[in-house]
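Me: Please take a close look at one sheet in this model and at the helix packed with it. I should like a connected account of how the strands are ordered and paired.

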Amino acid sequence: MPEDIIRIGNVEIISLSDADLSFPAADFFPTVSAETWTSHRQYLGDDGNLHPNAGCFAVRSSGRTILIDTGYGPSLTGRLFDELSAKGVNIGDIETVTFTHLHPDHVGWNMRSDGGQTRPSFPRARYLMPQADFDFFTSAGSLENFPYIKDQVLPLVELGLVDYVEPETDLTPEIRVWSTPGHTPGHVSFLINSAGERGVILGDVAHSPVQAHETDWNPGFDVLQDQSRATRHAVFDRLEQEGMTIAAGHFPKPGFGKLVRVEGKRIWQAL
Ligand SMILES: [Zn+2]
């Protein structure tokens with residue numbers, strides 16, 4: 001049984017699964033033909049669909065507890081709070097919630113209805129957002145396309161709880177914000193460097209282990225298709241070369257693994 005909690009040096013990473021998603025493969029990767037999928041069947045479910053996990057990660061570093069992404073929220077199964085409690089994370093301990101980007105499966109539990117009132121789900125937290133994503137998702141015309149922003153992002157701004165994360169800054173002495181744009185304009189990953197060990201919270205640089213070798217494949221959800229592909233190649237080349245431990249929220253849970261080369265082909269090797 002893979003572990004839901006791993007350590008990178010002194011940093012603890014806790015995998016949290018909010019929901020199981022399901023998409024026809026042709027919808028998810030619109031440029032990939034049904035014929036191509038016949039030789040990649042192992043990456044699909046028995047029903048022929050892709051089943052990305054809607055994963056989040058809690059990270060304990062330098063005495064702080066940080067939640068990275070808040071899942072899809074109550075409109076799907078939305079089990080994030082059960083997962084937090086089962087894995088020993090007290091929501092009152094979370095002092096920072098940060099986001100890889102502002103798509104709906106990453107901000108879904110920012111606000112929570114409770115007794116007829118809607119409140120921030122993490123009462124002690126400040127919320128860190130990539131500025132370029134905030135600007136993109138709240139720009140003129142965008143709010144009609146992304147209506148969840150009004151419910152899950154703007155109320156936090158009105159309450160004065162939002163700060164903007166700048167790439168290449170440090171969340172803690174062990175966690176650095178890494179600019180990995182393309183999936184969305186301000187998409188970021190998080191590099192962990194502690195006691196000689198290194199890892200990354202990947203975000204949506206990739207959505208399926210098939211992209212370890214089919215690195216050109218872009219989901220239709222990628223906002224900037226060419227930049228997303230270029231970022232994926234650059235990030236995967238670095239992660240493979242440096243042998244980093246990867247936490248990938250959309251890969252099969254718990255989403256921990258490495259990129260390794262076997263007989264010339266780069267593959268995802270789950271921990
Ligand atoms: Zn996502």
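Reply: Two residues count as being in contact here if their C-beta atoms, placed from the backbone, lie within 7 Å. The model is a predicted one. In it, helix α9 lies across β15, β16, β17 and β18, and runs at about 85° to β17.

The sheet in question is open and has seven strands, in the order β12-β13-β14-β15-β16-β17-β18, with mixed pairing. At its edges stand β12 (170-172) and β18 (265-270); each has a single partner strand, so one side of each is left without a neighbour in the sheet. On average, neighbouring strands of the sheet are turned by 30° against each other, direction ignored.

Within this order, strand β14 (residues 188-194) and strand β15 (residues 197-201) run antiparallel and are joined by five bridges. One facing pair consists of Ile192 and Gly199 in β15. The two strands form a hairpin with two residues between them, and Ala195 in the turn has a positive phi of about 50°.

On to the next pairing: β15 runs parallel to strand β16 (residues 245-247), with three bridges between them. Here Ile201 stands opposite Ala247 in β16. Helix α9 (residues 225-242) belongs to this part of the fold as well, since β15, α9 and β16 make a right-handed β-α-β unit.

Towards the edge, strand β17 (residues 256-262) is joined to β18 by six bridges, and the two run antiparallel. Gly257 has Ala270 in β18 as its bridge partner.

How values were computed
Residues are numbered from 1 along each chain as its sequence is written. This is a predicted model: local features need pLDDT of at least 70, side-chain atom pairs count only at pLDDT 80 or more; totals for chains, interfaces and linings use all residues. Two strands pair if DSSP finds at least two bridges between them. Helices (H or I, at least four residues) and strands (E, at least two) are DSSP runs, numbered from the N terminus. A crossover is right-handed if, with the strands pointing away from the viewer, the path from the first strand over the helix to the second runs clockwise. Axes are lines fitted to C-alpha atoms, for helices over the stretch in contact, and angles run from 0 to 180 degrees between N-to-C directions.
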